[in-house]
Amino acid sequence: MTTPGSDLRVTSRLVIPDAELVERFSRSSGPGGQGVNTTSSRVELSFDVARSPSVPEDLRERLLDRLSGRLTRGVLTITASEHRAQLANREAARERLAAVLRAAAAPPPPRRRPTKPSRGAKERRIAEKKRRGEVKRGRRGFDDRSG
């Protein structure tokens, strides 16, 4: 759990200082009774991926590439409004930001080495195709006209 006011630990290599996170609060939509009109419980948490000094250069390239669809001028913004309490939404936004950054920072999966089917697998496939053809041929009715 990440608490507002402390550094955000994403991975062992990436720790975001609290000073680099920008929080904005606004009124949340949806049900909540009379309090929904007065409390600013919706949280927008922004982090400048492109210009942050705490992101290592090699990791920055990967983050910018993988998050390109979610960034606005290099800034990643996460919104949380599922809780009625502002503090709960702040924690939810920080956890979601860490999860998004963690997924984007993950190393790429190893490349797939293409393989060919073995000779036995090819023979089994052909034999199964012939067997299916025989089954279907056996289902045909006899026609007196073909003769």
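Trainee: Let's start with one residue: what is the relative accessible area of arginine 137?

Mentor: Keep in mind that we're looking at a predicted model. Buried would need a value under 20%, and exposed one over 50%. Arginine 137 fits in between, so it counts as partly exposed, and its relative accessible area is 45%.

Trainee: And which residue meets arginine 137 in a salt bridge?

Mentor: Opposite charges are the thing to look for here, as side chains carrying them can pair when their charged atoms come close. The partner also lies in helix H3, 3 residues apart from arginine 137, which is about one turn of the helix. That partner is partly exposed too, with a relative accessible area of 48%. With 2.7 Å from N to O, the side chain that meets arginine 137 is that of glutamate 134.

Trainee: How far apart are the closest N and O atoms of arginine 131 and glutamate 128?

Mentor: These two are 3 residues apart in helix H3, so about one helical turn separates them. Arginine 131 is partly exposed at 45%, and glutamate 128 is partly exposed at 36%. For their salt bridge, the gap between the closest N and O atoms is 3.1 Å.

Trainee: Is arginine 119 buried or exposed?

Mentor: First, find its partner: arginine 119 meets glutamate 123 in a salt bridge, at 3.4 Å from N to O. Both lie in H3 (residues 119–139), 4 residues apart. Glutamate 123 is partly exposed, at 47%. Arginine 119 has 68% relative accessibility, and the line for the top class is over 50%, so arginine 119 is exposed.

Trainee: How many salt bridges does the count come to?

Mentor: We've met the ones in H3, such as glutamate 134 with arginine 137. There is also a network of salt bridges that links Arg24, Arg42 and Glu44. Counted over the model, the salt bridges come to 8.

Trainee: Let's zoom out. How many helices and strands does the protein chain have?

Mentor: Walk along from the N terminus and you'll read β-β-β-β-α-β-β-α-α. Tally the α and β signs, and the secondary structure comes to 3 helices and 6 strands.

Trainee: What is the order of the strands in the open sheet?

Mentor: Go one pair at a time. E3 (residues 21–26) is joined to E4 by 6 bridges, and the two run antiparallel. E4 is also joined to E6 (residues 75–80) by 6 bridges, again antiparallel. Add E5, and the 4 strands of the open sheet have the order E3-E4-E6-E5.

Trainee: Which strands stand at the edges?

Mentor: An edge strand has a single partner strand, so one of its sides is left without a neighbour in the sheet. Two strands fit that description: E3 and E5 (71–72).

Trainee: Which helix packs on the sheet?

Mentor: Look for a helix that touches E3, E4 and E6. Its direction makes about 140° with that of E6. The helix covers residues 86–105, and it is H2.

Trainee: How many of the 7 residues of strand E4 are buried?

Mentor: E4 (residues 42–48) is joined to strands on both sides: leucine 45 is the bridge partner of glutamate 23, while valine 43 stands opposite alanine 80 in E6. Phenylalanine 47 likewise has leucine 76 of E6 as its bridge partner. The strand is largely enclosed by the rest of the structure, because the number of buried residues is 5.

Trainee: Which residues of helix H1 are buried?

Mentor: Start from the face turned away from the buried side, which carries the exposed residues Glu57, Glu61 and Asp65. What covers the buried residues includes H2. In H1 (residues 57–66), these buried residues are Leu59, Arg60 and Leu63.

Trainee: What arc do they cover around the axis?

Mentor: In an α-helix there are 3.6 residues a turn, so residues three or four places apart point the same way. Leu59, Arg60 and Leu63 are the buried ones in H1. They are on the same side of H1, because the arc they cover is only 105°.

Trainee: And what percentage of the 147 residues count as buried?

Mentor: Buried takes a relative accessible area under 20%. Taking the protein chain as a whole, its accessible surface comes to about 10700 Å², and 50% of that belongs to carbon and sulfur atoms. Of the 147 residues, the share that counts as buried is 28%.

Notes
Residues are numbered from 1 along each chain as its sequence is written. This is a predicted model: local features need pLDDT of at least 70, side-chain atom pairs count only at pLDDT 80 or more; totals for chains, interfaces and linings use all residues. Side-chain values use heavy atoms; hydrogens and water are left out. Buried means under 20% relative accessible area, exposed over 50%, partly exposed in between (1.4 Å probe, protein chains only). Two strands pair if DSSP finds at least two bridges between them. Contact means heavy atoms within 4.5 Å. Axes are lines fitted to C-alpha atoms, for helices over the stretch in contact, and angles run from 0 to 180 degrees between N-to-C directions. A salt bridge is a side-chain nitrogen of Lys or Arg within 4 Å of a carboxyl oxygen of Asp or Glu. Accessible areas come from the Shrake-Rupley method with a 1.4 Å probe; for residues, only the protein chains shown count as cover. The arc is that of the directions from the helix axis to the C-beta atoms.
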